[in-house]
Amino acid sequence: MAKQPSFKNILFDLGGVILDINIQATLKLFYEMGFPSEMLQFPNSMNTDVYFKYQTGKLDTGQFRDEIRKTSGVDMTNQALDDAWNAMIVRFPKERVELLKVLSKRYNLYMLSNTSALHVQVFEKMFLDLAGESMHKIFKKIYYSHEIGWHKPDKEAWEYVIKDSGIKAEETLFLDDDIHNIKASQELGFQAIHIHERTHLMNLGFDL
């Protein structure tokens, strides 16, 4: 990147950018539990909005579990469901965590993630155990979809961040692994980079 970057802030997605995830691990367990095929589409199911409702805070965790049981027709314990739901959370590569620590001293770091209360409990502890400090110390502010009530790629998610944090879109670099989110952020004026297999956090060229 240029020695004098045109951004002051970096707004991160979490899964697929900082955190390694494997959605198929969750769907495999759901399949083995006997979930119907229409519930084996995540995150964008055309047949059920239970995942969307949970990730936008319209269902709390207890309601989510009940709705999953009702919609799937599968009777399962809370623990079995939680374990399957959390199976998609894999790990934080240590080099990414170390990079975040360095970047936090040079830029204002923020996070905007489509996530849920159950996942937050797991990955925040995972990050703390690896980094030795809370995510909330490294990021100036973290925005979780289930807390703010908006879900990427809805533009209201970014508008919420802008209003709450006071940052300017044009002074902010947005990193996400979903091209729909990249396009939506660019329409609001963010500088954005699509993270994928060939363009990932560790080869973006941050001058360290």
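Two strands count as paired where DSSP finds at least two bridges between them. With that criterion in mind, the tour of this predicted model opens at its sheet.

**The sheet**

Select β5, β4, β1, β6 and β7, in that order: these five strands make up an open sheet with parallel pairing. At the edges stand β5 and β7 (191-194), each with a single partner strand, so one side of each has no neighbour in the sheet. From one strand to the next, the twist averages 20°.

Next, restrict the view to β6 (residues 172-176) and β7, which pair in the parallel sense over four bridges. Within this pair, D176 is found opposite H194 of β7.

Now add α9 to the selection. This helix lies across β1 (9-12), β4 (108-113), β5 and β6, and runs at about 150° to β5.

**The nonpolar cores**

Display the largest nonpolar core, which has 49 residues; F12 and I18 are those with the most contacts inside it. The largest share of this core, five residues, is contributed by α6.

Centre the view on F12. Apart from neighbours within four places in sequence, the contacts of F12 include I18, L100, L112, F139 and L201. Then turn to a second, separate core, made up of 15 residues, with I148, W158, A169 and A184 among them.

**Aromatic pairs**

The structure holds twelve aromatic pairs. For one of them, select F123 and Y144: the ring centres are 5.8 Å apart and the planes stand at 70°, so the pair is edge-to-face. F123 belongs to helix α6 (residues 117-131) and Y144 to strand β5 (residues 141-144), so the pair ties together parts 21 residues apart in sequence. Both F123 and Y144 are buried.

A further selection, Y51, Y54, F64 and W85, shows one aromatic cluster.

**Salt bridges**

Across the whole structure, a search finds 15 salt bridges. Select D20 and R96, which form a salt bridge whose closest N and O atoms are 2.8 Å apart. D20 lies in strand β2 (residues 20-21) and R96 in helix α5 (residues 94-103), so this pair ties together parts that are 76 residues apart in sequence. Both residues, D20 and R96, are buried.

Return to α6 and select D129 and K125, whose side chains meet in a salt bridge at 2.8 Å, N to O. D129 and K125 are four residues apart in helix α6, a separation of about one helical turn. In contrast to the buried pair of D20 and R96, both D129 and K125 are exposed.

Move on to α9, where K155 forms a salt bridge with E159, with the closest N and O atoms 3.7 Å apart. Here too the partners, K155 and E159, are four residues apart in the helix, about one turn. K155 is partly exposed, with a relative accessible area of 43%, and E159 is partly exposed at 33%.

**The cis peptide bond**

For the last stop, select K152 and P153, which are joined by a cis peptide bond with omega of about 10°. P153 is placed in the loop between α8 (145-148) and α9 (155-165). Keep K152 selected and add D13 and D176: a network of salt bridges links these three residues. D176 was met earlier in the sheet, opposite H194 in β7.

Conventions: Residues numbered from 1 in each chain as written. Predicted model: local features only at pLDDT ≥ 70, side-chain atom pairs only at ≥ 80, totals over all residues. Heavy atoms only, no water. Phe/Tyr/Trp six-rings, centres within 6.5 Å; stacked < 30°, edge-to-face > 60°. Helix = DSSP H or I, 4+ residues; strand = E, 2+ residues; numbered from the N terminus. Buried < 20%, exposed > 50% of the residue type's maximum accessible area, 1.4 Å probe, protein only. Core = buried A, V, L, I, M, F, W, Y, C linked by side-chain atoms within 4.5 Å. Contact = heavy atoms within 4.5 Å. Axes fitted to C-alpha atoms, helices over the stretch in contact; angles between N-to-C directions. Salt bridge = Lys/Arg side-chain N within 4 Å of Asp/Glu carboxyl O.
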